[in-house]
Structures are given as C-alpha cells and as structure tokens.
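Q: Could you take a close look at the cysteines in this model for me? I'd like to know how they sit and what can be said about any bonding between them.

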Amino acid sequence: MLFYSYTEQNYVLSTFGNKGKNISSENKHKEIQKGEAGLPIGGALPQRTSVKTELLLSFIIVLISAGVYFNALTCGFVHDDRFQVLENYWITDVRYIPEIFSSNVWKFNRQLESNYYRPLMHIIYMFNFHLFGLNPMGFHLVNVLFHAGVSVLVFAIALILLDGQLRISSSPSRAFPAFAAAILFATHPVHTEAVTWVAGLTDVSATFFCLLSLNFYIRSGSKTGGLYMLSVASFFIATLCKEPALMLPLILAAYDFLFKKDEKKIRLLKRYIAYLAAAGVYLLLRFRALEGVVPIIGTELSYYQYFINIFPLFAQYLEKLILPINLSFRRDFIPIESLAVAEGMISLIVAVVYLMAVWLTSRKEKIICFSLLVIVIPLLPAFYIRGIIGPPFSERYLYFPSVGFVVLSALILYRAQSRFPSGGLVTVAIFFIVAGLYGSGTVMRNTVWKNNNSFFADALQKSGSSEFRMKAIVESIHSANKAMESGNIDAAIETYQYALTLRPDDYDTHYRLGIAFGQKGLTEKAIEQYQNAIRLKPDYLDARINLGNSFFAEGLIDKAIEEYESALKIDPDSVKANYNLGVAYKEKGLIDKAIEHLKTAAERAPLEPLIRHSLDEAYASKSKK
C-alpha cells in the first residue's frame, strides 16, 4: 500500500517494503507516476490540506454558489412547472407515494404520456410543498441548495484528483486548484437552466447523488465497507432522480482503469456487482411503471441520420461548455443529412480529436483523460436522439458533464502557473476574471426565468419553431387566466399583453385583456380591446355585449344600445344582450322597448331574480305615466 507526504526538501514515499525511504528530487515525479499521481490505492488517501482549510473553502464555495443564484429566489414557476408542480396532486399527500413509484413521471395528468421514470422528483416536490406550500421561492431555494452541495462535492473530488499533481507544501495553495474548479462550476452560466428552473431539479439532484457516490467510492479505496455501501446507495437514489445517472458505473470503471491498474481485475469486477444490482432494481421498477424500458421514439430520422447527428450535437455541447454565451432554453435542432457538409465535417473532426485526446492522455495524463471522460460519459443518453421528447440539445444536460470541464480547466490553470512561475499572479487574475464573468453571466441569465413572459420572450427570440411559439401562447394565456382567477389583475394584464406580441390577431386574448382592463377601471382601454376583438371577429357575441357595457359605464347610452342590438343580430335569444338592451332603453326612457327586451330575457332565464326585478321596475315606471 502506498501513500506520500510532502516536506520542504523532498517527498517521502512509504510502502510495505520501503519504509521511510527518501526519494531524490529528480526521481520524485517518476515515483509519483508509479503511485498513480498520488491517488489512493487500496484505500489509502494522500495527505492533503487541513480539515480547517477544507471547511473554510467549502463554506466560501457555498456562499458563492448561493450568491450567484440569490436573485433566482424571486423567480416564479415557469413553463413545465405549471403542470409538474401547480397541477400535480401527487405532491400534496404522502398517500400517493406508492402511485409515484409505480407510474411514469407525468401519470398524474391523464392527458400526458411520458417515457421518463423519476419518482424522487415528486418526493422532493412533496417535501417542498409541505414545507413551503406553493411558494416558488421555497422550490427555488431547494434547487440552489442542491447546487451548492454539488459545488462542494466538486471541490472534494477535485481535491483528491488534483492533489497528486501539486508540487508545493503550502496547504492553502495546494487546495487552490480544486477550489478554482468548484468556483468555476458554481458560477458557470450554462447551469442556470438546471438550477434556476424549478423543473431542473432532476438534473441537480441526480448530479448531487452521483458525485456523492463517486466521492464515497474513491474514499472507500478497495474496501467494501460503510463508504462503499453509501456509494451504492447514493447511486441508486441518483437513478430515481434521472435516467442518465445509470452512466455512473462507467465513470467508476474509468476511474479504476486509470488509477487502479495494479489492482487485480477480479477484485474490481466484484466491486461493480452491487452497482449492477442497484441498476437492475431501478430497471425493474422502471419496467413496471412504463410497461417497458425502451423510450418512446421522438424525432423521426433514419438510423444513419441518428448516427451522424451525434457529431454536431457533441460539438454544440463542447461549444457551450467552453463559451457559455447566447444561451437559450430552446435551441432548434436542424439535422444534417450527410457528413459531407461543412457542419458535419467540422463536428466529425472535433469528435475524432477529442477521442484521440482521451487515448493519448490515458497513460501519462490520467487526470486529463478522466476529466475528458467525465465530460462525455454523462452526455451519452443525450445522444440517443430517438428517446428525447423535444429538441435534442438542452443546456441542463451539461450540468454533470461540466464537472469534468472545470476540473480540466483548474488543472490547466495550475500547469500554466507551474510552468511560468513569474506569471503566477497573472494566472490567478485570469481565474478571477473568468469566475467574475461567469458569475455576472449567471446573475443576468437568472432574470430570464423571472416569469413566463420573460422566459418565452428570450426563448422565442432564439427559436423559430412554430410549435414552440404556439406552446408559448398557450402557456401565457393559461398563466394570465390563472392570474385573473386569483385576483392578480396586474399580472394578468401584463401576460395578456405579452401573449398578443406573440399572436396579435388572437381575438380572444384581446377580449380577455379588455375584461382585465375593465376590472381595473380602465374603461377606455377596455373599449379599445373589445373593438380589436370585434374587428378580428365581427360575430364575437361576448365582445359586443362587453363593449356595450363599457359604453354604458361611460354614459354613452346610444353607443351601448347600438352594440347590444348588434349582439342580438348574432343571437336573438341571448339573455345578456336582451337584458342589457332593456336596461339601456329604460335609462333612455323608452319603457315599452325596455319591457319588450326584459320580458324576452325573463322568458329565457325565469329563475334569475335580477331580470325579474328590472322588469317589475319597468312595469312600475310605465304605470306611473
């Protein structure tokens, strides 16, 4: 068993047969390579930074993670949150837990079908509901806390991976590369879709439990004790959060292949049995809930097109990891039909270079290789285009893969600092500049998720999909209607107005906006919207009646009578039109006409006391003359 510790002058490595042997400076790097870059073999961990230093840095990571998402706490429920939370009766009572574990993720809504099995999402939502009610701030807070936890786990894992690369004795300095990786992860703008969107819970929770499992696995060494069992349990929990967690055993195998080559293969294989058993239990639960394991077919492409479109998709993911600008919830997928086109050739070259980098670094640059594998392995399910409902590209799919990216970035920073010691301050400055740009980008991106209006406005600006535009219209009108029902008239007005920017010729939205303005006492604006609705649909009965009511409220009785009469031409039996016209005629002193229409209204609605009362008053007025 091998471990090492640092002194000012040399490295002291100890083995069972080499106790306390001093290794010269020229041989220390070679010996570290034998010890697999200082990583644990057979369960022993290298000496690292002090516990106090690690706790302090972890606390700073939590503060930064929460700080860049602080404004996300003021965001509301957006897009899919409506039916996954607000219309989800499963989260209201623990008695639905058996149904949650035996159904697909959207079975609570009988009109929706899904090929996803994510029961833990509902359990966490249930916890949120019983703790916060339907206050969106509580749901956002839980997402942010998961993100902070993931960021700390990135620090813990990076500390183990990177510690063997360091050549300095100062404890805080040795922790800096791992700290840098965690900060880059905490602030990376590409994570906003997973963290700021309430429905992104599945990504942040699955990644949290996957990294927790990886952390326990590394620390357990070759033992199968408590830490190992905690790793298996964490993996199983992760699968119940989201399907891509099933890729974790591949990451564990990659870790063993790179850092435990001296260990007997049969011992390593035995360690995977428990993970395979946990995956098997998950698949059985999934099969029972979905009545199958194979996902529903999404995008209609040939098998050849499925294959070749993996390459541009992978290139897009790498692009957003490296340069997280022009982010968008909706990125239209335009499949290529041949690799011979420019996009196909470039993306194929990117993929080939990437695979070559994995192969070339697998022997001497194990941490680089492992980081590259951590980027691509969690993305593998995203390349199964047939099983994805909607566009194949989603920024939230990069949440787990970005762990490999930030570890790789931190290692590159450290290597640059080591190679150019005089430029150490420059390297540190570059890190803080990048982290600052990341953080500001995240804070700005959070505002997009403020409400449905801001969300769809941003997404539709970057997407030309007519299907998504229609969904935005439907979602906006639904949100506005809900706001009206709850008495939040200002929010309803804002949302109806936004819906009209998407579809200006929607007569019903003009009509509903008119109602909202009317309830606010803005009669002139209400009249304008009713007139817009009638211009688009001249036989819109309710718009005619409400326009007449608005004219009546403004004292424009003649105009009101004109609209009521137009309404009766559309439907002579309309109770509302006959009653309102009768009241208007009565106001004008035309009692006989008033009685005529009030009688018609009373005949159509004999149990309506208001109509009977108005008719009695009209008869009384006539008898006095």
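A: Happy to! Let's start with C210, which counts as buried, at 1% relative accessibility. Its sulfur has its closest cysteine sulfur in C241, 8.3 Å away, which is too far for a bond. A disulfide would need the two sulfur atoms within 2.5 Å. Seen from the other side, C241 is in no disulfide either, and its nearest cysteine sulfur is that of C210, at 8.3 Å. C241 is buried too, because its relative accessible area is 1%, under the 20% cut-off. The wider picture agrees: a search of the whole structure finds zero disulfides.

Since this is a predicted model, a word on confidence may help. The protein chain has an average pLDDT of 85, and 87% of the residues score at least 70. Residues 1-46 are where some care is due: pLDDT stays under 50 there, although the model has 85 contacts beyond four places in sequence for this stretch. Where pLDDT is low, the predicted coordinates should not be read in detail.

If you'd like another buried side chain to look at after the cysteines, try H597, which lies in helix α27, spanning residues 591-604. H597 has a relative accessible area of 13%, so it is buried. Setting aside neighbours within four places in sequence, H597 is in contact with L568, N578, Y579, L581, G582 and Y585.

Conventions: Residues numbered from 1 in each chain as written. Predicted model: local features only at pLDDT ≥ 70, side-chain atom pairs only at ≥ 80, totals over all residues. Heavy atoms only, no water. Buried < 20%, exposed > 50% of the residue type's maximum accessible area, 1.4 Å probe, protein only. pLDDT = per-residue confidence, 0-100. Contact = heavy atoms within 4.5 Å. Helix = DSSP H or I, 4+ residues; strand = E, 2+ residues; numbered from the N terminus.
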